[in-house]
Amino acid sequence: MKVLVPIKRVLDYNVKPRVKADGSGVDLANVKMSMNPFDEIAVEEALRLKEKGAASEVVVVSIGPAKAQDTLRTGLAMGADRAILVQTDDEIEPLGVAKILKAIADEEQPGLVILGKQAIDDDSNQTGQMLAALLGWGQGTFANKVEVSGDTVKVTREVDGGLETLSLKAPAIVTTDLRLNEPRYASLPNIMKAKSKPLAAKAPADYGVDIAPRLTTLKVTEPAKRSAGIKVGSVDELVAKLKELGVAA
């Protein structure tokens with residue numbers, strides 16, 4: 001079974017985002033970028049399936065600027081076999097990403113697509129579900145356990161009431177949650193080996209996908225700063241303050 005793992009280059013989760021002076025978006029100049037943490041979990045899960053013999057090949061794919069090669073090399077250093085970069089400097093919406101991934105899936109014919117449930121930059125949580133709809137494949141979202149046996153994929157996922165287990169027939173889509181696994185660190189020898197692993201460069205036009213945006217960002221602003229808290233000396237004073245703020249009758 002071939003496993004396809006889409007990964008995204010995002011602002012590192014340790015970096016505090018800054019809004020551009022003109023309010024047109026987040027300033028990404030001279031800031032640390034890294035692999036989306038949920039996608040890192042997806043890569044780890046694909047590699048574990050390969051180590052168990054349930055997967056034969058792990059292919060990582062990214063859609064973004066040329067610098068996304070660094071993110072793909074990280075996936076290769078973790079243990080992926082090869083990579084595909086669909087290079088574009090345009091910001092692509094989840095539907096455009098899903099359409100490109102569908103075209104890649106049609107070409108690669110994977111038995112399983114594992115991707116993060118969402119990217120930490122836009123928190124859309126849409127691409128996996130859209131990809132499943134476009135391909136007509138079964139999907140298991142928010143997975144915290146994945147088991148593969150033949151062409152059956154058993155996914156345990158978190159729901160409001162606890163845990164739900166789904167049995168999917170491959171090919172299928174799985175989106176990963178935080179508790180699925182702990183991603184490995186790439187060793188120095190593997191980082192060196194990753195430089196010689198195949199990385200194919202493509203463009204959205206190669207797949208015949210229109211990536212024109214359907215949404216327009218009007219303005220981006222930083223969240224309002226929280227005001228300092230107020231200490232009260234008694235319950236009566238607390239109730240009076242709540243009434244003053246209009247949150248109690």
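What is the volume of the largest cavity? The largest cavity has a volume of about 40 Å³. The legends below describe views of a predicted model.

**View 1. The largest cavity and its lining.** The structure holds one cavity of 30 Å³ or more. Residues Ile92, Glu93 and Gly96 are among those that line the largest cavity. Asp210, Ile211, Ala212, Pro213 and Arg214 complete the lining. By class, four of the lining residues are nonpolar, one is polar and three are charged.

**View 2. The second largest pocket.** This pocket encloses about 640 Å³ of space. Its lining is made up of 26 residues, and those closest to the pocket centre are Tyr13, Met35, Glu40, Pro183 and Tyr185. Three elements each give two or more residues to the lining: strand E3 (33-35), helix H1 (37-51) and helix H2 (68-78). The lining of the second largest pocket divides into 13 nonpolar, five polar and eight charged residues.

**View 3. The crossing of helices H3 and H4.** Two packed helices are described by the angle between their axes and the distance between the axes. Here the axes of helix H3 (residues 94-108) and helix H4 (residues 127-135) come within 9 Å and cross at roughly 50°. An angle from 35 to under 65 degrees counts as oblique, and H3 and H4 are therefore oblique to each other. The crossing of H3 and H4 is right-handed.

**View 4. Residues in the contact between H3 and H4.** On the H3 side, the contact is made by Pro94, Leu95, Val97, Ala98, Lys99, Leu101, Lys102, Ala105 and Asp106. H4 contributes Thr127, Met130, Leu131, Leu134 and Leu135. Sorted by class, the residues in the contact of H3 with H4 are ten nonpolar, one polar and three charged.

**View 5. The loop after H3, with glutamine 109.** Glutamine 109 lies in the loop between H3 and strand E6 (112-116). The phi angle of glutamine 109 is near 55°, which is a positive value in a residue other than glycine.

**View 6. The cis peptide bond at proline 171.** Alanine 170 and proline 171 are joined by a cis peptide bond, with omega about 0°. Proline 171 is located in the loop between strand E9 (162-169) and strand E10 (172-176).

Methods:
Residues numbered from 1 in each chain as written. Predicted model: local features only at pLDDT ≥ 70, side-chain atom pairs only at ≥ 80, totals over all residues. Heavy atoms only, no water. 1 Å grid on protein atoms, 1.4 Å probe; cavity = no way out; pocket = protein on both sides within 12 Å on 5 of 7 lines; lining within 4 Å. Points joined across faces, edges and corners; volume = space filled by probe spheres on them. Helix = DSSP H or I, 4+ residues; strand = E, 2+ residues; numbered from the N terminus. Nonpolar A, V, L, I, M, F, W, Y, C, P; charged D, E, K, R; others polar. Axes fitted to C-alpha atoms, helices over the stretch in contact; angles between N-to-C directions. Parallel < 35°, antiparallel > 145°, perpendicular 65-115°, else oblique. Left-handed = near helix turned anticlockwise from the far one by under 90°. Contact = heavy atoms within 4.5 Å.
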